[in-house]
Amino acid sequence: MQMMKKKKQFNIEDITKLPLLPARDIVFFPAMVMPLAVGRERSMLAVENTMIKDRLIFIVTQKDFKVEDPQKKDLYNIGVIAEVLQLLKMPDGTLKILVEGVARAKLGSFDMKSLEYIEVGVEPILEKKDASLDVKAKMRNAVDLFNSYFQLNKCIPADINQTIINIEDPNQLVDTVAIYLNVKIKEKQKLLALLDINKRLDYLTKLLVSENKILKLEKKIQGRVKTQIEKSQKEYYLNEQIKAIQKELHKQDDQARDMDELKSKIEKTKMPQDAKEKAEKEWRRLSKMSSYSPEATVSRTYIEWLIEMPWDVRTEDNLDLKHAKIVLDNDHYGLDKAKERVLEYLAVCKLTKKLKGPILCFIGPPGVGKTSIAKSIAGSMGRKFVRISLGGVHDEAEIRGHRRTYIGALPGRIIQSIKKSGSKNPVFCLDEIDKLGSDFRGDPSSALLEVLDGEQNSTFADHYLEVDFDLSDIMFITTANDLYSIPPALLDRMEIVEFSGYTTLEKKAIAKKYLIPKKMDQVGLKKKDLVIDDSAMNETILKYTAESGVRNLEREIARICRKIARKKVEEETVGKIKVNKDTVGEYLGIPKYNEDIFAQNEIGIATGLAWTEFGGDVLNIEVTRMQNKGGLDLTLTGKLGDVMKESAQTALSYLRANSRSLGIPQKAFEDTEIHIHVPEGAIPKDGPSAGITMTTAMLSSLTKRKIKKKVAMTGEITLTGRVLPIGGLKEKMLAAYRTGVKQIIIPAFNNKDLEDIPKEVLSKIEVIQVKDFKEVAAKALM
């Protein structure tokens, strides 16, 4: 960086050659002090060279600012000799200089061959002082015009006007005023090039007059726009006053008619007294608001919600039990418990003429018809049907709604659904209630406590409505897969109706009566086009689906129908196509499941029965024994839960305590590691019902006795060998039936549960009831 130095004294007339600094988009004048950014290579070399010498440089404006390497033809003839007062090198390699104009000069020779920068010949122009009256008059006129320009242009610094007034030299006056003129480059260059002071003053006067006219016109336009805005505001204010006057004179406009219509609807709606008072109070608030107010929209929406709620609108129940039974039987096969409960409700309604809606909870695996029978119940009773899915709901406001203080607030899904149904006594299905979540926004299951409580839901309060709504006439039906995922307080308010899985016979009947006609109709097939016989259905159910419900069966039937439809179109097949056991593989491919669990009897592999939220399941438990120098160790794998691990420990302790009576060699527990593994290790498993299965597998491994391949078992074991009862027996037996098990060992305490087992299953499976593990060993081991 070159710091500012004391200005050198030099004779202008002696200057003949100077480094060239072409300027873009700026005209430099004598006596002008301004910082300039220098970025072109030649220009930077010119500046650096002049700093070494006398710090003088010739600044001339380019005709076209886009030219990067200007030649003489690209420059104006008149420029300014300037002195570089200060130089600063920037981080990006460019220069920033502070220069002061010294004198006008004419561009002469142009030398760019011998040096890396351009050096030009200059002819200094000496300014002649003219003190004539004519010049003084023109100067005074120019000062007055600039004063007007200063008043109109707010961008000029405040002290400049006084500086201009104090200038006595006409040349300096013109050059200083030119700096602050907002005119084009060509006009400024012409002002610089005029050498006669009279002509220069005349041209400056012309520019000042023109600029003043333009600035006055701009000011006039701005004033006009401001006046228009003020006029619009004034008109709006007057219009509002006119509306107020018209209201006083009972001259109604559209808004007034709307308000009267809203008032009429409030009076006609048979809402409770507290709701009517709330609506009228909100109407009075709305009538005082401007229609343009955002708050008016909020108030109007609230009133419309109160008006449109079905406060006293109900559908009349069809209490004909025979009709209800026919509808339910036509829509669904089986599901006797659910149908029986609905018929009981209708019978009581017929006798008492008034009964609060029951709150039922349908528990069962997926695809058994929980949601669809809820819709059929509504149809059999002649009621409207409403369904909302609760799966993944985390926000309490989904149930109770948002308060009106929030932007975009709405009632909860309960109130929204009731309004949509248009009736205050629909059949209301809350689907997947066991999939509710909770987080920082609240617990939706807690909000449902009031909804599903028959003693409280007659005064259900939604946060948005802020008035009570009676839910007691609604028949609530909830559905779930897992009973244990529902909070106990919520479960206590509902009547549980269990849905078990279907047997093979039931699935065949459902397919024949409902699924096959439905899928044939969807793909455009008629009865004469396709027949799927019982053997094909058996094969599909046993080898292509493994489920409690019929959803996968429906998908497989749809696959068969689609392939038959394509075959008929492509081959133009005429006549009926029959699908049987031998041809079903052509349409469904390789079987997905094998009904044989094991090919032969095995040592250390026992078959257990498990219950999941998707129904019953068959699982294998494997045990192997290895040498271990550190004593007796027990290893458990297969993603087992704590209860299942404790059952394994209990089983091992029982075997050690009773080794002699069970025929286990005493040395079998010495320096031994027993490894228990339950396959499908990615799936979590827990519960005590695998106790006797693990005990049997360990006993088989320790005694080298094989386990019968067609025997499955379930039951909890104690340290003394007692076999305790378990849950989900029906689902477990259905799973065993599907996989071809011939014998099932169950706790004797579960004898009462056999009443619920379909006769078809009991006819195919031998049920062995036991109280002690020694009975299990006698039946299961070879």
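# Exercises on a predicted model

Arginine 104 is buried, its relative accessible area being 1%. The structure used in these exercises is a predicted model.

**Exercise 1.** Find which residue forms a salt bridge with arginine 104, and state where the two partners lie.

*Solution.*
Step 1. The partner is aspartate 175, and the closest N and O atoms of the pair are 2.8 Å apart. A salt bridge requires a side-chain nitrogen of Lys or Arg within 4 Å of a carboxyl oxygen of Asp or Glu, so this pair qualifies.
Step 2. Aspartate 175 sits in helix H4 (residues 170-179) and arginine 104 in strand S5 (residues 95-111); at 71 residues apart, the pair links distant parts of the chain.
Step 3. Aspartate 175 has a relative accessible area of 3%. Buried means under 20%, so aspartate 175 is buried.

**Exercise 2.** Determine whether glutamate 295 and arginine 285, which meet in a salt bridge, are buried, partly exposed or exposed.

*Solution.*
Step 1. The N to O distance between the two side chains is 3.7 Å.
Step 2. Glutamate 295 belongs to helix H9 (residues 294-308) and arginine 285 to helix H8 (residues 273-287), so the salt bridge ties together parts 10 residues apart in sequence.
Step 3. Glutamate 295 has 37% relative accessibility, and arginine 285 has 35%. Partly exposed covers the range between under 20% and over 50%, so glutamate 295 and arginine 285 are both partly exposed.

**Exercise 3.** State which helices are joined by the salt bridge between arginine 413 and glutamate 398.

*Solution.*
Step 1. The side chains of arginine 413 and glutamate 398 meet at 3.7 Å, N to O.
Step 2. Arginine 413 is in helix H14 (residues 413-421) and glutamate 398 is in helix H13 (residues 397-400), so the pair ties together parts that are 15 residues apart in sequence.
Step 3. Arginine 413 is partly exposed at 26% relative accessible area, and glutamate 398 is partly exposed at 33%.
Step 4. Elsewhere, salt bridges with shared partners join Lys278, Glu282, Arg285, Glu295, Arg404 and Glu466 into one network. A search of the whole structure finds 36 salt bridges.

**Exercise 4.** Work out how the buried and exposed residues of helix H10 (residues 321-331) are arranged around the helix.

*Solution.*
Step 1. Ala324, Val327 and Leu328 are buried in H10. They lie on the same side of H10, because they cover an arc of only 95° around the axis.
Step 2. Lys322 and Ile326 are exposed on the other side of H10.
Step 3. The packing partners of the buried residues of H10 are helix H11 (336-352) and helix H12 (370-381).
Step 4. At the start of H10, the backbone nitrogen of lysine 322 has a side-chain oxygen of aspartate 320 within 3.1 Å.

**Exercise 5.** Describe the surroundings of isoleucine 221 and of glutamate 48.

*Solution.*
Step 1. Isoleucine 221 lies in helix H6 (residues 197-248) and is partly exposed, with a relative accessible area of 40%.
Step 2. Together, Leu217, Ile221, Val225 and Ile229 make a nonpolar surface patch of about 350 Å².
Step 3. Glutamate 48 is found in helix H1 (residues 41-52) and is partly exposed, with a relative accessible area of 32%.
Step 4. Leaving aside neighbours within four places in sequence, glutamate 48 is in contact with Lys89 and Leu95.
Step 5. Between glutamate 48 and alanine 142 the C-alpha to C-alpha distance is 39 Å, and the two residues are 94 residues apart in sequence.

Terms used:
Residues are numbered from 1 along each chain as its sequence is written. This is a predicted model: local features need pLDDT of at least 70, side-chain atom pairs count only at pLDDT 80 or more; totals for chains, interfaces and linings use all residues. Side-chain values use heavy atoms; hydrogens and water are left out. Patches are made of residues with over 30% relative accessible area and no salt bridge: like charges are joined within 9 Å, nonpolar side chains (Val, Leu, Ile, Met, Phe, Trp, Tyr) within 5 Å. Accessible areas come from the Shrake-Rupley method with a 1.4 Å probe; for residues, only the protein chains shown count as cover. Helices (H or I, at least four residues) and strands (E, at least two) are DSSP runs, numbered from the N terminus. Buried means under 20% relative accessible area, exposed over 50%, partly exposed in between (1.4 Å probe, protein chains only). The arc is that of the directions from the helix axis to the C-beta atoms. Contact means heavy atoms within 4.5 Å. A polar contact is a pair of N or O atoms within 3.5 Å; within protein, one must be able to donate a hydrogen and the other to accept it, and residues adjacent in sequence count only if both atoms are side-chain atoms.
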